[in-house]
Amino acid sequence: MNGAALATRGLNKSFGSLVVAKDVELVLPHGVRYALIGPNGAGKTTLINLITGMLRPDTGRIFLGEDDITSLAPEARVRRGLARTFQINALFPQLSALEAVTLAVCERRGFAGVWWRGLPEYRDAADEAHAILASLLLGEHCYRLTHELSYGQQRLLEIALALATRPRVLLLDEPAAGVPRDESAELFAAISGLANDLTVLFIEHDMDIVFRFAARIIVMVSGGILVEGTPDEVAEDTRVREVYLGKAHHG
Amino acid sequence: MIGPFVGVLFDGFAYGMLLFLLSVGLSVTLGMMNFINLAHCSFGMLGGYVTVTLMDHLGWPFLASLPVAFLAAAAVSILLERTLYRRLYRASELDQCLLTIGIVFMSVAAAAYVYGTVQQPLQLPDYLQGSVVIAGVNFALYRVFLVATALAITLVLVAALEWTRFGTRVRAAVDNQRMARGLGINVDRTFAITFALGGGLAGLGGALAIAIVGLDPGFAFAYLVYVLIVVSVGGLGSIRGSFAAAAVLGISDVAGKYYVPQLGAFLIYLVMVGLLMWRPSGLFGKR
Amino acid sequence: MAGAAPEGVTPHQYLENQTRWRRVEIAFWLATLLPFVVTPTYLSLASQIAITALFALSLDLILGYAGIVSLGHAAFFGLGAYTAGLMSKFVWGEPLTGLVAAAAIAGLVGFATSFIIARFRHLALIMITLGLGLLLHEAANSASWLTGGADGLQGVDIWPLLGAFKFDLYGRTAYAYSLVVLALMFLVARRLIHSPFGLALRGIRENAVRMSAIGAPNRSHVRKVYTISAVIAGIAGALLAQTTETVSLEVLSFERSADVLVILILGGAGRLYGGILGAIIYMVARDQFSGINPQFWYFWIGLLLVAVVMLLPNGILGGLARFAERWQGGRR
Ligand SMILES: Nc1ncnc2c1ncn2[C@@H]1O[C@H](COP(=O)(O)OP(=O)(O)O)[C@@H](O)[C@H]1O
Ligand SMILES: [Mg+2]
């Protein structure tokens with residue numbers, strides 16, 4: 001797989017007669033910021049579900065670095081450095097932000113199964129969690145329960161939870177969905193500030209943001225990859241204009 | 001040798017038909033709303049007591065009391081659905097369990113208060129007593145009647161589900177609730193009506209059950225387990241599945257008690273746990 | 001609680017603050033000694049309450065913290081009771097070893113069944129726990145050569161505790177014994193819920209899908225807590241068998257599983273003291289109304305369940321906490 005951080009080989013998936021992934025071949029090199037775009041229902045979320053193991057592909061293989069992870073459980077993939085966020089918030093409503101991220105840190109460090117020692121004894125786990133939250137501007141709100149946070153803060157917490165797993169590859173499913181425009185630029189600024197060796201794939205509908213923050217763009221239509229290239233290449237591609245940008249301009 | 005075997009088979013099938021009537025409503029409503037109604041057999045018990053009251057205290061004929069048992073159970077179930085259940089459709093399964101267990105407790109206590117804990121006597125009409133002998137095998141007339149009734153109801157149900165507009169709505173709601181809502185189907189109303197029908201069928205089942213298994217306040221709990229087995233083995237929302245599961249369960253229970261009486265109900269519970277473990281996603285495939 | 005943390009608190013202080021012993025707690029545990037002096041004629045009841053509270057605590061670990069609904073938790077209570085009873089009948093009547101044996105057996109069975117439990121959620125889980133509970137009840141009923149069947153186990157005879165304290169008629173020893181065991185187990189449970197593992201359990205309760213997405217092995221967590229819960233339930237059952245010197249089939253019944261659920265929900269699940277509070281209220285009420293037919297008792301329990309679900313979703317402790325929050329909010 002010569003140096004790819006994440007790759008898929010001939011990934012296929014259908015729900016009944018609806019084909020949601022069609023021979024998806026993906027190669028994400030290390031440290032590159034990818035945008036995954038495509039109309040609603042194109043199968044973008046499904047692709048993330050397939051890669052992270054929340055759905056089983058009908059055929060095809062998935063590689064994380066050199067390793068074939070196709071048959072691993074979702075949590076095992078996470079432990080190997082593949083993290084994701086959810087398009088619709090999937091958080092722990094009754095945990096405080098700090099507790100939630102501390103939990104993710106504990107799981108990563110492998111002592112989440114320890115029941116005979118108090119949580120406060122793991123001071124550095126809490127500190128690390130706090131640092132992650134602070135880096136996403138949640139430091140001041142970290143003692144609030146998740147369900148008391150504003151929607152935008154909850155979107156950030158989604159990312160904080162993923163980061164706490166120390167991923168090598170991070171898949172963000174519409175991280176700015178529902179966030180006001182000015183705030184979403186801030187959010188992506190935070191994302192682009194992440195470590196350089198981290199490979200990021202994000203789904204996003206706002207073309208300004210996509211062109212600003214992505215080094216490469218993948219266009220997906222009806223379960224298949226239509227084009228993959230630099231923003232300029234994609235912007236000039238006539239097929240993309242037709243099926244995607246064209247539509248966007250009209251609507 | 002073959003005579004008793006066929007007899008056991010037939011008795012088991014008749015018993016299975018009883019279980020089918022008791023459980024089919026729960027299967028469909030569970031499939032539609034995922035609402036765990038552990039009080040389903042309380043509706044059955046209600047139907048039983050309605051029949052006993054009408055016959056013993058008011059002198060009604062048996063057959064005339066059956067539709068009333070159906071209607072009474074349907075009425076009470078829709079009342080509960082409108083007042084209590086509907087508020088918990090989005091609640092956790094724990095809350096649903098607790099609420100409906102609470103209703104079972106209350107119904108059991110209420111039945112014991114009004115009727116005492118003794119078995120209720122039931123005098124079947126003459127034309128349903130006795131038996132016919134076909135090819136040397138005894139068929140109790142009442143069981144023949146029971147099987148015929150259940151088969152007729154099954155046919156009506158299947159036909160209604162296939163060919164009526166209401167049936168289409170029910171199928172759509174069971175299949176994919178969100179999609180059904182998107183298509184403009186009033187799922188809540190469809191559910192309420194289905195719930196009433198299911199409760200009514202349970203009431204009818206309870207009324208028909210007295211002559212076979214008797215009736216006391218323990219009914220609501222004792223048959224709950226059987227009903228849950230039928231529902232889980234047959235698959236949620238599937239009338240045919242429930243029918244098949246009820247038949248198999250009825251036959252194996254009667255056969256088990258006939259051939260290995262010392263095991264009691266143990267065998268049935270073992271089968272239940274085993275089946276659930278074997279095919280949980282098959283049985284609950286829709287989740 | 002978490003929302004009210006003032007500015008300038010470090011993460012570590014915040015976490016320590018959550019695990020700190022509060023004054024009410026200490027007052028509560030001191031108050032458990034009162035029955036010895038205030039109501040010495042009710043020590044048997046007090047002992048029953050402590051046992052029930054311990055059973056409810058075991059359920060709280062799986063239901064209140066990990067969100068695993070069980071309709072068959074009496075299986076482990078009953079296993080513990082029968083183990084302790086049989087041990088006294090066939091081996092010896094020494095209570096502490098009986099307690100350990102009961103814990104071991106319940107824990108073993110709990111561990112074995114936890115592999116099943118961990119695979120299921122939702123409706124299937126409810127049915128499986130119900131089915132396993134019924135199965136064990138029926139098995140004990142059938143195996144009357146061992147268990148005495150419906151007549152109960154005969155010939156349970158418990159030696160004096162530590163060789164010195166006889167189990168007297170007034171229940172002095174019984175209450176002291178049950179209370180000490182309850183307190184010890186409570187310490188274990190309290191430690192557990194304030195540990196990293198306790199946090200993971202709450203994570204499973206709140207959102208199991210997200211738990212996998214942060215790399216958590218949900219099933220192994222569930223297996224672990226289920227086994228621990230089974231051990232504690234077994235100990236509770238053994239206490240009942242030893243302090244009453246009887247074991248009847250009722251210890252395995254569905255009613256007992258339902259009762260403990262009612263007790264926990266009434267007091268407030270996921271709150272550590274919910275089960276204890278629920279047990280006190282439930283058992284005292286039952287004692288007060290012992291004149292009425294048990295059949296009718298369940299009418300009120302049913303009504304209570306309906307009322308709690310519809311009106312008091314987090315139990316009494318949850319209601320109190322909300323009330324306190326509002327009161328404090330009003331003062332500010
Ligand atoms: N679990 C599922 N069962 C059936 N259809 C699904 C399921 N999940 C997604 N779909 C369908 O698959 C298609 C692709 O969905 P999705 O991947 O969410 O699209 P996108 O994220 O690109 O908007 C949609 O038509 C959606 O309705
Ligand atoms: Mg999507």
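The following exercises, each with a worked solution, concern a predicted model.

**Exercise 1. The magnesium ion**

Determine which protein atoms are donors of the magnesium ion (ligand 2) and where in chain A their residues lie.

Solution. The protein donors are OG1 of Thr45(A) and OE1 of Gln87(A), which lie 2.0 to 2.2 Å from the magnesium ion (ligand 2). Thr45(A) belongs to helix α1 (residues 44-52) of chain A, whereas Gln87(A) sits in the loop between β6 (82-84) and α3 (97-109), so the pair ties together parts that are 42 residues apart in sequence. To classify their accessibility, recall that partly exposed covers values from 20% to 50%. Thr45(A), at 26% relative accessibility, therefore counts as partly exposed, and Gln87(A), with a relative accessible area of 28%, is partly exposed as well.

**Exercise 2. The interface of chain A and chain C**

Describe the contact between chain A and chain C by its residues, its buried area and its salt bridges.

Solution. Begin with the residues: 44 of chain A are in contact with 38 of chain C. The two chains bury about 3,600 Å² between them, with 65% of it on carbon and sulfur atoms, and Trp115(A), Pro120(A) and Tyr143(A) supply 22% of the area that chain A buries against chain C, more than any other three residues. Turning to charge, the rule finds 3 salt bridges across this interface, and in one salt bridge the side chains of Glu99(A) and Arg202(C) meet at 3.3 Å, N to O. There are also 18 residue pairs in polar contact between chain A and chain C, counted with both residues at pLDDT 80 or more. Among the elements of chain A, α3(A) gives the most to the side that touches chain C, with 7 residues, and the residues of that side divide into 25 nonpolar, 7 polar and 12 charged.

**Exercise 3. The interface of chain B and chain C**

Work through the contact between chain B and chain C, and then place Thr100(B) within chain B.

Solution. The contact takes 42 residues from chain B and 35 from chain C. About 3,500 Å² is buried between these chains, of which carbon and sulfur atoms give 86%, and in chain B the residues Leu98(B), Phe105(B) and Met106(B) lose the most area to chain C, together 18% of what that side buries. Here the rule finds 0 salt bridges, and the count of residue pairs in polar contact, both at pLDDT 80 or more, is 0. Helix α4(B) gives the most to the side of chain B that touches chain C, with 16 residues, and that side divides into 34 nonpolar, 4 polar and 4 charged residues. Thr100(B) lies in helix α4 (residues 93-115) of chain B and, at 0% relative accessibility, counts as buried. Leaving aside neighbours within four places in sequence, Thr100(B) is in contact with residues including Phe35(B), Leu38(B) and Tyr85(B).

Terms used: Residues numbered from 1 in each chain as written. Chains lettered and ligands numbered in written order. Predicted model: local features only at pLDDT ≥ 70, side-chain atom pairs only at ≥ 80, totals over all residues. Heavy atoms only, no water. Helix = DSSP H or I, 4+ residues; strand = E, 2+ residues; numbered from the N terminus. Buried < 20%, exposed > 50% of the residue type's maximum accessible area, 1.4 Å probe, protein only. Contact = heavy atoms within 4.5 Å. Donors = N, O, S within 2.8 Å, 3.2 Å for Na, K, Ca; no water. Buried area = accessible area lost by both parts, 1.4 Å probe. Salt bridge = Lys/Arg side-chain N within 4 Å of Asp/Glu carboxyl O. Polar contact = N/O pair within 3.5 Å; in protein donor to acceptor, adjacent residues only side chain to side chain. Nonpolar A, V, L, I, M, F, W, Y, C, P; charged D, E, K, R; others polar.
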